[in-house]
Amino acid sequence: MAKPTITLIAALRDAAGNLRNGASYAWGHHGQCNCGNLIQVVTDLDEREIFAYAQEGAGEWTELATAWCPASQAPVDLVLHKLMELGLTPTDVHHLEYLSDKKVLAQLPGGFRWLRRNRREDVIAYFEAYADVLENRLLDATVREALAETLAPAMA
């Protein structure tokens with residue numbers, strides 16, 4: 001699962017909000033799909049620019065992420081690099097596109113259920129649940145770190 005960062009959590013919530021407020025959504029369009037909507041939040045690119053960059057590679061975001069090269073200066077790799085900087089991995093990109101991470105699905109309101117990748121409401125629910133999971137992991141790590149710092153002098 002992605003590294004929990006405040007920036008990634010905020011981006012997921014912003015993308016969910018944009019979708020809720022009518023942002024263009026089409027799962028088969030690189031600039032309007034799940035990842036496309038997240039990329040719009042974390043870059044200055046619009047859906048047309050994202051689409052054009054993605055067309056330089058072959059396949060969906062899942063395949064583009066698998067082929068991603070951090071040293072490449074290709075526009076599609078620069079876009080993917082932005083996602084990786086947020087803390088995502090190629091596997092996370094796959095889960096975002098297919099709404100398939102079981103840890104996220106288990107945190108949906110009402111409990112675990114499978115979602116459909118091409119339904120706006122399901123993408124919103126997944127992005128929000130993913131942000132919740134990451135936020136909880138970040139809070140847990142922060143509390144553990146604070147406890148360790150507090151208890152370390154007492155243990156010495």
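Of the 156 residues in the chain, 42% count as buried, where buried means under 20% relative accessible area, exposed over 50% and partly exposed in between, with a 1.4 Å probe and protein chains only. This is a predicted model, in which local features need pLDDT of at least 70 and side-chain atom pairs count only at pLDDT 80 or more, while totals for chains, interfaces and linings use all residues. Residues are numbered from 1 along each chain as its sequence is written, and side-chain values use heavy atoms, with hydrogens and water left out.

**The whole chain**

Begin with a cartoon of the whole chain, which has eight helices and zero strands; helices (H or I, at least four residues) and strands (E, at least two) are DSSP runs, numbered from the N terminus. With a surface switched on, the accessible area of the chain comes to about 8,300 Å², of which 54% belongs to carbon and sulfur atoms, as given by the Shrake-Rupley method with a 1.4 Å probe. Among contacts between residues at least 6 apart in sequence, 57% join residues at least 24 apart, contact meaning heavy atoms within 4.5 Å.

**Helix H2**

Next select residues 34–42, helix H2, which is mostly covered, with seven of its nine residues buried. The buried residues of H2 are Asn-34, Cys-35, Gly-36, Asn-37, Leu-38, Ile-39 and Val-42.

**H2 with H1**

Add residues 6–20, helix H1, which packs on H2 at an angle of about 115 degrees with the axes 9 Å apart; axes are lines fitted to C-alpha atoms, for helices over the stretch in contact, and angles run from 0 to 180 degrees between N-to-C directions. That angle makes H1 roughly perpendicular to H2, since angles of 65 to 115 degrees count as roughly perpendicular, under 35 as roughly parallel, over 145 as roughly antiparallel and the rest as oblique. To see the contact, show Ala-11, Leu-12, Asp-14, Ala-15, Asn-18 and Leu-19 of H1 together with Asn-37, Leu-38, Val-41 and Val-42 of H2. The residues of this contact between H1 and H2 divide into seven nonpolar, two polar and one charged; Ala, Val, Leu, Ile, Met, Phe, Trp, Tyr, Cys and Pro count as nonpolar, Asp, Glu, Lys and Arg as charged, and the others, Gly among them, as polar.

**H2 with H5**

Keep H2 on screen and select residues 75–85, helix H5, whose axis comes within 10 Å of that of H2 and crosses it at roughly 80 degrees. H2 and H5 are therefore roughly perpendicular to each other. Here Leu-38, Ile-39 and Val-42 of H2 make the contact with Val-79, Lys-82 and Leu-83 of H5, and the residues involved divide into five nonpolar, no polar and one charged.

**H2 with H6**

Now move to residues 90–98, helix H6, which packs with H2 at an angle of about 115 degrees, the axes lying 7 Å apart. H2 and H6 are therefore roughly perpendicular to each other. Asn-34, Cys-35 and Leu-38 in H2 meet Val-93, Leu-96 and Glu-97 in H6, a contact whose residues divide into four nonpolar, one polar and one charged. Within H6, Asp-92, Val-93, His-95, Leu-96 and Glu-97 are buried.

**Leu-99**

Finish by selecting Leu-99, placed in the loop between H6 and helix H7 (102–105). The phi of Leu-99 is near 50 degrees, a positive value in a residue other than glycine. At 1% relative accessibility, Leu-99 counts as buried.
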